[in-house]
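Work through the exercises below with the sequence and the model side by side. Each task is followed by a solution in steps.

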Amino acid sequence: MIAFLGQGRMGVPMARRLAAAGHDVTTWRRGTGVTAAAAVDGADLVITMLSDPAAVREVLTAALPGLRPGATVVEMSTIGPEAVRELRALLPAGVGLVDAPVLGSVGPAAEGTLTVLAGGLTGGLTGGLAGGDGADVARCREVLSVFGTVRELGPLGAGAAMKLAVMNALVPAQVLLAETLAYGEAHGVDREALFDVLALTPLGALAERLRVPAAETRYSLAHAAKDLELGAWEGASMAGAARARLQEARAAGLGERDLTAIATHVGEGHRAGRAVPLNLATVPATNGMYSHAVRAGDTLYISGVAAFDERGEIVGEGSMAAQTEHVYRVIERILADQGAGFGDVAFIRTYLTDMDARAEHGAVRRKFITGTPPASTTVEVSRLFMPGLLLEVDLIVALPPRVTPGGR
């Protein structure tokens, strides 16, 4: 029996491929009420296809009580060799482990034409990873071949390392092409002519993907950013710069779009005077009527921040100190996303429902603004948009210059 622990765009078609090939498959995904331990109970092979290292660790930890001795876990997510090492230490010694991330997106997953990058040959771990040998890929090669072509790359961790090495080339190349298109637009180069000329170069096939950004998400921009966050190492200037571009696009709300949307994002950012809205996953979502912030050049305008959580409920009701602390923590995350801090704030405007509480508010504010204070206005208002809110703060920030490879 095979237990498939996965979800999302890749997981669904891959699980269907296994079932269509005649395998006895039990599938698991979040929100069904079935535990991971129950899903893997009795399985000879457990396949994971999840979003990131944290998700894989969480799900396999939950599955541990159901893993039987002699079972093999095949980790097919993109998590990197270090996370594979951690999984080997997490799993019991009697449970084998193969790392087998894939090259390809939703279409190849449905068609069975993925490239499977498999690591786990008995005899040691790649890169000095410790914690026990991997399971021999031969044990699961027949199953893996259902997904496409299997490349056996060596000991445990080899597949994960190969996947990130490849993505460190493919993803920055698409960001580079997006910047090429923006340069062409800024200098009056005909867009279609530029694509036609690029088609004559080694980058032609990749450029064609950006000619019309995909309406359907095949490989999300958020996953591309995650892959570079895992794979870009200190000193990797091109991968690091591409990672920053993708993080900016993700903060602007493009995370669930296809990676090819980077062409539109970079082009918009290069148009003179174009404002870029930013909506961060790390702070409570807006009601859809405004963005968390808008960046225009090197100036950041932060919308009014109030003390409510991700469920829209008030934090620290009745306490000016607690609400001020929450508001400034949210502002801190927005600033950090743009490489800024409170020292870069040019102007703060604060709305208080009770001016008599300004001393309590000021005591907390001084914990965050410790240097020369910015320009500031504080006003008393009769009420804010949600009953129980005691303050709201909006800001204008002078952002630090963007750092680019080779200079500023």
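**Exercise 1. Classify the lining of the largest cavity, then describe the cavity.**

Step 1. By class, nine nonpolar, four polar and no charged residues form the lining of the largest cavity. Here Ala, Val, Leu, Ile, Met, Phe, Trp, Tyr, Cys and Pro count as nonpolar, Asp, Glu, Lys and Arg as charged, and the others, Gly among them, as polar.

Step 2. Before going on, note how the values were made. The model is predicted, local features need pLDDT of at least 70, side-chain atom pairs count only at pLDDT 80 or more, and totals for chains, interfaces and linings use all residues. Residues are numbered from 1 along each chain as its sequence is written, and side-chain values use heavy atoms, with hydrogens and water left out.

Step 3. Apply the terms. On a 1 Å grid over the protein atoms alone, a cavity is a set of points where a 1.4 Å probe fits but cannot get out, a pocket is an open set with protein on both sides within 12 Å along at least five of seven lines, and lining residues have an atom within 4 Å of a point. Grid points are joined across faces, edges and corners, and a volume is the space filled by probe spheres set on the points.

Step 4. The count comes to one cavity of 30 Å³ or more. The largest cavity holds about 130 Å³ of space.

Step 5. Its lining has 13 residues, and P284, H292, V305, F308 and V330 lie nearest the centre. β11 (299-305) and α13 (320-337) each supply at least two lining residues. β11 gives the most, with three residues. Such helices (H or I, at least four residues) and strands (E, at least two) are DSSP runs, numbered from the N terminus.

**Exercise 2. Describe the second largest pocket in the same way.**

Step 1. The volume of the second largest pocket is about 700 Å³.

Step 2. This pocket is lined by 27 residues, with M10, G104, S105, R218 and Y219 nearest its centre.

Step 3. At least two lining residues come from each of α1 (8-20), β6 (102-103), α7 (158-186), α9 (204-211) and α10 (221-231).

Step 4. The classes are ten nonpolar, eleven polar and six charged residues.

**Exercise 3. Is G204 buried or exposed, and what does G204 touch?**

Step 1. Locate the residue: G204 lies in helix α9.

Step 2. The relative accessible area of G204 is 9%, so G204 is buried. The classes are buried under 20% relative accessible area, exposed over 50%, and partly exposed in between (1.4 Å probe, protein chains only).

Step 3. Not counting residues up to four places away in sequence, G204 touches L198 and A199. Contact means heavy atoms within 4.5 Å.

Step 4. V106 is 98 residues from G204 in sequence, and their C-alpha atoms are 22 Å apart.

**Exercise 4. Place E332 and G94, and find their contacts.**

Step 1. E332 is in helix α13. Because its relative accessible area is 32%, E332 is partly exposed.

Step 2. Leaving out residues up to four places away in sequence, E332 touches F342 and F368. The C-alpha atoms of E332 and F342 are separated by 7.4 Å, and the two residues are ten apart along the chain.

Step 3. Ring pairs link F342 and F368 with Y328 into a cluster. Rings of Phe, Tyr and Trp (its six-membered ring) pair if their centres lie within 6.5 Å; planes under 30 degrees apart count as stacked, over 60 as edge-to-face and the rest as tilted. The structure holds four aromatic pairs.

Step 4. G94 is in the loop between α4 (81-90) and β5 (96-99). With a relative accessible area of 44%, G94 is partly exposed. Beyond its neighbours within four places in sequence, G94 is in contact with P69, G70 and A71.

**Exercise 5. Decide where the model should be read with care.**

Step 1. The mean pLDDT of the protein chain is 89, and 93% of its residues reach 70 or more. pLDDT is the predictor's confidence in each residue, from 0 to 100.

Step 2. Over residues 123-132 the pLDDT is below 50, and this stretch has 23 contacts in the model beyond near neighbours in sequence.

Step 3. Residues 403-408 also stay under 50, with five contacts beyond four places in sequence.

Step 4. Where pLDDT is low, the predicted coordinates should not be read in detail.
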